[in-house]
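Dear colleague,

I am handing over a structure for you to look through at your own pace. Please open it beside this message, and then read on for what was found in it.

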Amino acid sequence: GPNLAVTFANRNLFKGGETLNLTGKVGYEVQVGGGNNAGLSSLQLGLGADLIFPRVLFPIKINEDFFKYDIPKTKVSLSADYLNRSRLYTLLSGLASFGYTWRANKYVTHEYNPISVNYVNLANTTPEFQQILDDNPFLQNSFDQEFISGMTYSFTYNGMVDQDKTHQFFLNANLDTAGNTISLFSGATENDKKSFLGLQYAQYAKIDADFRYHFNMGGGNKLATRLFAGVGYPYGNSDVLPYTKQYFSGGPYSVRAFRIRSLGPGTYTPGNDDEGAYFDQTGNLRLEANIEYRFPLFPYVFGAVFADAGNVWNTSENESLPGGRFTSGFMNELGIGTGVGVRVDIQNFVIRFDLAAPMHDPSLPSGERWVNDFGNPIFNFAIGYPF
């Protein structure tokens with residue numbers, strides 16, 4: 001379905017180069033396939049504001065000569081979102097953050113948010129979804145963590161700004177921790193979870209990395225590859241990562257032979273009558289590998305042949321998701337698919353169509369996972385390249 005975002009920008013708010021961005025967004029999605037999940041719809045509304053100062057705002061004066069290439073920018077952000085999923089629930093969320101972003105050189109960018117506060121409230125659950133939560137304490141706990149307060153850091157190396165180079169590299173690494181500082185101010189009884197301002201808060205550490213290599217053959221021909229690995233570790237006040245921080249696999253930017261959120265965790269097989277199963281198919285560990293050969297067809301039109309492999313797992317046992325725990329045999333639990341695609345690329349605005357079929361389905365019994373289902377491919381429509 002369609003999503004629309006509109007931003008108003010004032011690039012000199014206080015006459016010192018400060019930028020104010022006000023953004024409104026609306027999105028609607030409907031599930032047109034997927035058996036019992038067909039017809040499920042999603043409505044999302046959001047408002048956000050970013051205030052960016054072209055200098056460092058810090059209690060202690062910092063010598064700006066230290067930043068030889070670029071002066072860091074200070075960014076303050078506030079946002080609120082409303083999400084309604086038909087036949088399931090309504091989710092209200094708010095985010096506030098304060099941090100810095102700066103470029104160390106032409107290729108390297110740092111983003112550090114020492115303050116990041118996220119509030120998530122699950123409201124108006126349907127009886128059907130409430131039953132899913134009652135039957136799955138693991139999923140229930142992931143929604144109970146309403147308050148997330150922590151720190152985030154992102155490192156990006158983007159060598160793909162040099163479009164003419166033969167070898168192009170890209171790396172994005174992220175660190176996300178929550179609950180350490182706030183635990184000093186919270187209280188708890190022996191049997192209850194700790195809370196802050198009456199809200200149960202999350203404690204976890206999460207790290208992931210996205211590495212990409214493009215081999216530019218010239219003439220519009222390119223071999224693009226990607227490796228992704230990420231893991232989150234809940235501790236202290238949390239038995240499971242908050243739902244919004246968990247990983248999922250499948251979809252147009254992941255393993256394209258499987259529908260979004262329909263792969264894993266591990267060898268888990270959702271029941272045919274479980275309309276909410278795809279909401280459970282997340283994990284706190286994700287591994288993925290992709291390769292794609294891109295070649296020109298006509299002016300502004302490119303073709304592609306690709307293969308994807310990946311899955312998500314949990315690092316602890318969950319009785320509601322049998323087969324979902326990560327083990328040494330994870331290689332036999334990868335979802336693998338291959339396909340072909342067409343891209344319309346007009347000055348880096350890309351409209352993408354992909355057809356992909358599974359070759360290895362981890363949800364099937366062992367010994368029956370290699371499949372040949374090219375007669376029923378999954379259609380993916382997306383904006384932009386997958387990697």
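**Strands, cores and a pair of helices**

A good place to begin is Thr 109, which stands opposite Thr 156 in β7. Please keep in mind throughout that this is a predicted model.

Strand β7, which covers residues 147-158, is joined to β6 by 10 bridges, and these two strands run antiparallel. On β7 there is also Tyr 157, whose bridge partner is Leu 171 in β8. The pairing of β7 with β8 (residues 167-178) is likewise in the antiparallel sense, and it extends over 9 bridges.

From the strands we can turn to the nonpolar residues in the interior. The largest nonpolar core has 13 residues, and those with the most contacts inside it are Tyr 89, Leu 91, Leu 122, Phe 129, Leu 133, Leu 139 and Phe 143. At least two residues of this core come from each of β5 (89-103), β6 (108-123), α1 (127-135) and α2 (137-144), while the element that gives the most to the core is α1, with 3 residues. If you select Leu 133 and leave aside its neighbours within four places in sequence, you will find this residue in contact with Leu 122, Leu 139, Gln 140 and Phe 143. There is also a second, separate core of 6 residues, which includes Val 255, Ala 257, Leu 263 and Ala 356.

The helices α1 and α2 deserve a closer look as a pair. In general, two packed helices are described by the angle between their axes and the distance between the axes. Here the axes of α1 and α2 come within 5 Å and cross at roughly 110°; since angles of 65 to 115 degrees count as roughly perpendicular, α1 and α2 are therefore roughly perpendicular to each other. On the α1 side the residues that meet α2 are Phe 129, Gln 130, Ile 132, Leu 133, Asp 134 and Asp 135, and on the α2 side they are Pro 137, Leu 139, Gln 140 and Phe 143. Sorted by class, this contact of α1 with α2 has 6 nonpolar, 2 polar and 2 charged residues.

One last residue to examine is Asn 318, which lies in the loop between β14 (301-313) and β15 (335-346). Is Asn 318 buried or exposed? Its relative accessible area is 6%, and because buried means under 20%, Asn 318 counts as buried. When its neighbours within four places in sequence are left aside, Asn 318 is in contact with Asn 136 and Phe 138.

With best wishes

Methods
Residues are numbered from 1 along each chain as its sequence is written. This is a predicted model: local features need pLDDT of at least 70, side-chain atom pairs count only at pLDDT 80 or more; totals for chains, interfaces and linings use all residues. Side-chain values use heavy atoms; hydrogens and water are left out. A nonpolar core is a set of buried Ala, Val, Leu, Ile, Met, Phe, Trp, Tyr and Cys residues joined through side-chain atoms within 4.5 Å. Buried means under 20% relative accessible area, exposed over 50%, partly exposed in between (1.4 Å probe, protein chains only). Helices (H or I, at least four residues) and strands (E, at least two) are DSSP runs, numbered from the N terminus. Contact means heavy atoms within 4.5 Å. Two strands pair if DSSP finds at least two bridges between them. Axes are lines fitted to C-alpha atoms, for helices over the stretch in contact, and angles run from 0 to 180 degrees between N-to-C directions. Angles under 35 degrees count as roughly parallel, over 145 as roughly antiparallel, 65 to 115 as roughly perpendicular and the rest as oblique. Ala, Val, Leu, Ile, Met, Phe, Trp, Tyr, Cys and Pro count as nonpolar, Asp, Glu, Lys and Arg as charged, and the others, Gly among them, as polar.
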